[in-house]
Amino acid sequence: MLKYNICFVKRGDEILLLNREKASWMGCWNGIGGKLEPMESPRAAMIREIEEETGIEAYELYFKGLVTWTGEDFDFGGMYAYVAEVPESYDYVTPRKTDEGILDWKKIEWIMNEDNVGIVSNIPRTLPFMLNDAHCYNHHCVYEKGQLLKLIQSLITSDIESNEKERGQYLQTYSDSSKILNS
């Protein structure tokens with residue numbers, strides 16, 4: 001079971017990002033998210049995290065897949081990925097200081113700029129799929145010495161979000177195969 005979730009709150013051509021004040025990704029702009037509580041479904045955890053971190057309660061929430069990772073200094077891990085859409089006219093004033101960091105709306109064009117070194121490294125390569133593709137993917141990130149070495153995107157079924165058995169089987173198989181691929 002994955003321990004984390006992440007959400008990109010979209011308003012027109014902007015995404016609400018968090019500049020994190022804590023590890024991991026301290027000092028980088030990232031999506032909203034956190035840890036799942038014991039026995040909490042991925043969707044329930046994401047709804048709770050959005051409310052806790054932003055106070056936003058009215059949105060359309062879409063499951064977009066998984067972001068998983070392996071690296072030489074850590075084991076297989078990952079998070080459930082979501083996009084939440086609010087109307088373009090939604091009034092949410094930023095920047096806004098929170099316990100986690102600073103929330104601010106960022107233009108998608110700014111997020112995707114190849115010269116932007118202040119964004120979590122996998123976001124420019126995964127966000128276009130989440131925003132523009134109706135399918136769900138596992139975006140598997142392979143890190144070496146803290147740097148994103150490669151990204152492997154695999155089509156997955158949306159049932160992984162809600163079907164515990166299917167999710168468990170997929171994650172076990174994927175975890176085992178990614179260990180072999182990365183060794």
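**Figure 1. Y92 and W105, two buried aromatic residues.** In this predicted model, Y92 and W105 are both buried. Their ring centres lie 6.2 Å apart and their planes meet at 90°, so the pair is edge-to-face. The two residues come from distant parts of the chain: Y92 sits in the loop between β6 (74–86) and β7 (96–97), while W105 belongs to strand β8 (residues 101–107), and 13 residues separate them in sequence. Y90 joins in as well, and together Y90, Y92 and W105 make up one aromatic cluster. Have a look at the face of the Y92 ring too: R96 lies over it, at 3.9 Å from the ring centre.

**Figure 2. T94 and its contacts.** Stay with the loop between β6 and β7, where T94 is also found. Which residues does T94 touch, leaving aside those up to four places away in sequence? They are L16, L103, D104 and W105. For L16, the two C-alpha atoms are 9.0 Å apart in space, although T94 and L16 are 78 residues apart in sequence.

**Figure 3. Y4 and W69, a tilted ring pair.** A search of the whole structure turns up five aromatic pairs. In one of them, Y4 and W69, the ring centres are 6.4 Å apart and the planes stand at 35°, so this pair counts as tilted. If you like to think in geometric descriptors, a pair of aromatic rings is described by the distance of the centres and the angle of the planes. Y4 is part of strand β1 (residues 4–11) and W69 is part of strand β5 (residues 60–71), so the contact ties together parts of the chain that are 65 residues apart in sequence. Is Y4 buried or partly exposed? Its relative accessible area is 30%, so Y4 is partly exposed.

**Figure 4. A lysine over a tryptophan ring.** This view centres on K106 and W110. K106 lies over the face of W110, at 4.9 Å from the ring centre.

**Figure 5. Strand β6 between its pairing partners.** Strand β6 pairs with β1 through eight bridges, and these two strands run parallel. To find your place in this pairing, start from F8, whose bridge partner in β6 is V83. With β5, β6 shares ten bridges, and here the strands run antiparallel. Within that pairing, F63 has Y82 as its bridge partner in β6, and E60 stands opposite E85 in β6. How many residues make up the hairpin connection from β5 to β6? The hairpin joins the strands through two residues.

**Figure 6. Strand β5 and its link to β9.** Strand β5 also pairs with strand β9 (residues 136–144): seven bridges join them, and the two strands run parallel. A handy landmark is G65, which stands opposite Y137 in β9. Strand β5 is mostly covered, with nine of its twelve residues buried. As you follow the strand, remember that in a regular strand the side chains alternate between the two faces of the sheet.

**Figure 7. L127 in helix α3.** The residue to find here is L127, in helix α3 (residues 123–132). Its relative accessibility is 1%, so L127 counts as buried. Leaving out residues up to four places away in sequence, L127 touches F8, I15, I111 and M112. F8 is familiar from Figure 5, as the bridge partner of V83 in β6. The C-alpha atoms of L127 and K64 are separated by 9.8 Å, with their positions 63 residues apart along the chain.

**Figure 8. Zooming out to the whole chain.** To place the close-ups, it helps to see the complete fold. The protein chain has four helices and ten strands, and from the N terminus on its elements run β-β-β-β-α-β-β-β-β-α-α-β-β-α. Along the principal axes, the C-alpha trace spans about 45 × 35 × 30 Å. For 183 residues, a compact globule would have a radius of gyration near 16 Å, and the value for this chain, 16 Å, agrees. Of the 183 residues, 49% count as buried. The accessible surface comes to about 9800 Å², and carbon and sulfur atoms account for 50% of that area. Contacts reach across the sequence: among those between residues at least 6 apart, 61% join residues at least 24 apart.

Conventions:
Residues numbered from 1 in each chain as written. Predicted model: local features only at pLDDT ≥ 70, side-chain atom pairs only at ≥ 80, totals over all residues. Heavy atoms only, no water. Phe/Tyr/Trp six-rings, centres within 6.5 Å; stacked < 30°, edge-to-face > 60°. Buried < 20%, exposed > 50% of the residue type's maximum accessible area, 1.4 Å probe, protein only. Lys NZ or Arg CZ within 6 Å of the ring centre and 35° of its normal. Pairing = 2+ DSSP bridges. Rg over C-alpha atoms; globule rule 2.2 N^0.38 Å. Contact = heavy atoms within 4.5 Å. Areas by Shrake-Rupley, 256 points an atom, 1.4 Å probe, with all protein chains shown as cover.
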